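Reader: Could you walk me through this model at the bench-notebook level? I would like to start with the cysteines and then move on to the inside of the fold.

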Amino acid sequence: MSIEGHYRKLRSTNGVNILYWNVQSLLNKIDYIVTLIEELNINILCVCEHWLTSDELNLVKIPGFYLTDHFCRPSSGQHGGTAIFVQHVITIKKFIDLSN
């Protein structure tokens with residue numbers, strides 16, 4: 001599978017590696033994601049267009065990572081959705097939504 005041009009690896013000055021990828025269906029790419037995470041030494045994985053419901057996304061397991069936040073369309077089969085997976089060794093702090 002080739003994803004050249006479809007993902008972006010970002011490296012911050014503190015050594016945290018972030019992978020952002022428009023996956024266009026997450027479930028059929030889990031094995032490839034695991035390989036990318038290992039090869040690129042990724043700490044945070046951000047995906048868009050995962051095409052899953054919230055219930056389906058909560059069942060996704062990426063070894064060494066946890067789902068920290070997500071947005072899903074209301075019903076299965078709809079395109080869209082975003083999700084952030086973070087390495088278990090990283091603790092995150094959610095910020096209050098300031099748009100309200």
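Reader: Is Cys72 buried or exposed?

Author: Cys72 is buried, with a relative accessible area of 15%; buried here means under 20% relative accessible area, exposed means over 50%, and partly exposed is in between, using a 1.4 Å probe and protein chains only. Please keep in mind that this is a predicted model, in which local features need pLDDT of at least 70 and side-chain atom pairs count only at pLDDT 80 or more, while totals for chains, interfaces and linings use all residues. Residues are numbered from 1 along each chain as its sequence is written, and side-chain values use heavy atoms, with hydrogens and water left out.

Reader: And how many disulfides are there?

Author: A search of the whole structure finds 0 disulfides, where a disulfide is a pair of cysteine sulfur atoms within 2.5 Å. Cys48, for instance, is in none, and the nearest cysteine sulfur, belonging to Cys46, is 9.5 Å away. Cys48 counts as buried, at 10% relative accessibility.

Reader: Switching to the interior, which residues have the most contacts inside the largest nonpolar core?

Author: They are Leu26, Ile33, Leu45, Leu57, Val60, Ile62 and Phe85, in a core of 20 residues; such a core is a set of buried Ala, Val, Leu, Ile, Met, Phe, Trp, Tyr and Cys residues joined through side-chain atoms within 4.5 Å. Two or more residues each come from β2 (17-22), α1 (30-40), β3 (44-48) and β5 (82-87), these being DSSP runs numbered from the N terminus, with helices (H or I) of at least four residues and strands (E) of at least two. The largest share, 5 residues, comes from α1.

Reader: Which residues of α1 are buried, then?

Author: Those are Ile30, Ile33, Leu36, Ile37 and Leu40. They lie on the same side of α1, because they cover an arc of only 115 degrees around the axis, the arc being that of the directions from the helix axis to the C-beta atoms. The face turned away from that buried side carries the exposed residues Asp31, Glu38 and Glu39.

Reader: What about aromatic pairs, how many does the structure hold?

Author: It holds 1 aromatic pair. Trp21 and Tyr32 pair edge-to-face, at 6.0 Å centre to centre and 65 degrees between the planes; rings of Phe, Tyr and Trp (its six-membered ring) pair if their centres lie within 6.5 Å, and planes under 30 degrees apart count as stacked, over 60 as edge-to-face and the rest as tilted. Trp21 lies in strand β2 and Tyr32 in helix α1, so the pair ties together parts 11 residues apart in sequence.
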